[in-house]
Amino acid sequence: MGKSQLYQPIDVQSDDGNKSSTEAEERYGLLYGEVRPLPRHSKLVRALLWLAAIIGIIVYTAVVAGTAAFTAYRFLQKNTLHGTRFLKSPANDYITYESRVMDQFEYDNEKQYFTDPSPEIDANWHELWRWSIDQNIAIQPELMEEMGRAEEGIRFPDGTYFGSMMVFHNLHCLKNIYHTLHPHYYGMNKYSESERAQHKEHTEHCLKMLKDAVMCQGDPTILTMKWAETGLRPIGNLTSPHECVNWDRLMEWVVPNSRNVFEDGMLVHPTRGSYNTPSLFCRLPRGDGG
């Protein structure tokens, strides 16, 4: 065999003719594995381009996420049937919740509403809603229009509309049933036949509305069972905390938006004139006004 050939670098051609490998390396160092540093301004440009790309990605992601969140919110607002207060009420911003354990019975160290009737019991009910004021609220014209109730609504002199809140109607119904349990104290034993029939109808209305209200709220608080200290049957442990509306916070909206409908000129029937006798309102919370 002949002598082995030694490796010889290939000459690099240029427009000016042949160059030696050393000259080519000096000019085309990158081809021979040499990485020459970029000028300082090129590094700055590259860094700025990377920074711009990262900012662009962040902004794009934020826009897409924000759009998706807003779209989901609008969809849920229009289509979902669950969640806290998806129906509009002017008091929605005043709805806050608290944990509360409910007692099974009324005790001597707290206000009572359902023990034997007395002036104190009646005063407690009156204070609960301040019957002539807090039960009656002013509704803004915009909400009445949105609800489709403006045409039939009763307008106050200041342009707002006469209304109430269902929580007060339900309390009214409880009070009516309490009265029914004590007919002699509240004079129901003296009712005429037509008055007894009307009161019976009213009480049935209240029972129906309260049943619907309880099912509407659907309190999911867990009721556990335990063995009674006496006897062989299980009993419920009713001390589980409930998620309850903070009543004082709700009243922060109710009180300033209440109206005293018994003031002269507050309620004027379009054909029958002014109504300002409190006795006419004893059954106002009923849907038919009776």
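A disulfide here is a pair of cysteine sulfur atoms within 2.5 Å. Keep in mind that this is a predicted model, where local features need pLDDT of at least 70 and side-chain atom pairs count only at pLDDT 80 or more, while totals for chains, interfaces and linings use all residues. Residues are numbered from 1 along each chain as its sequence is written, and side-chain values use heavy atoms, with hydrogens and water left out.

**Stop 1: the disulfide.** Select cysteine 173 and cysteine 206, which are joined by a disulfide with an S to S distance of 2.4 Å. The structure holds one disulfide. Look along the S-S bond: its torsion is about -70°, so the disulfide is left-handed. The pair ties together distant parts of the chain, with cysteine 173 in helix α5 and cysteine 206 in helix α6, 33 residues apart. (Helices are DSSP runs of H or I, at least four residues, and strands are runs of E, at least two, numbered from the N terminus.) Both cysteines of the pair, 173 and 206, are buried, meaning under 20% relative accessible area with a 1.4 Å probe and protein chains only; exposed is over 50%, and partly exposed lies in between.

**Stop 2: two other cysteines.** Is cysteine 216 buried or exposed? Cysteine 216 is exposed, at 61% relative accessible area, whereas cysteine 244 is buried, at 8%.

**Stop 3: helix α6.** Now select residues 193-217, the 25 residues of α6; the end C-alpha atoms are 36 Å apart, which agrees with the 36 Å expected at 1.5 Å a residue (1.5 Å times one less than the number of residues). Buried residues in α6 include His199, His202, His205 and Leu210, and α5 is part of what covers the buried residues of α6. Just after α6, click on glycine 218, whose phi is positive, near 50°.

**Stop 4: helix α5.** Among the buried residues of α5 are Phe168, His169, His172 and Tyr178. The cover over the buried residues of α5 includes α3, α6 and α7.

**Stop 5: the cores.** A nonpolar core is a set of buried Ala, Val, Leu, Ile, Met, Phe, Trp, Tyr and Cys residues joined through side-chain atoms within 4.5 Å. In the largest one, of 21 residues, select Met165, Phe168 and Val254, which touch the most other members. Helix α7 (247-254) is among the elements that each supply at least two residues of this core, and α7 gives the most, with four. Beyond neighbours within four places in sequence, methionine 165 is in contact (heavy atoms within 4.5 Å) with Ala91, Gln135, Ile137, Leu250, Trp253 and Val254. Finish at a second, separate core of seven residues, including Ala138, Phe156, Met266 and Leu267.
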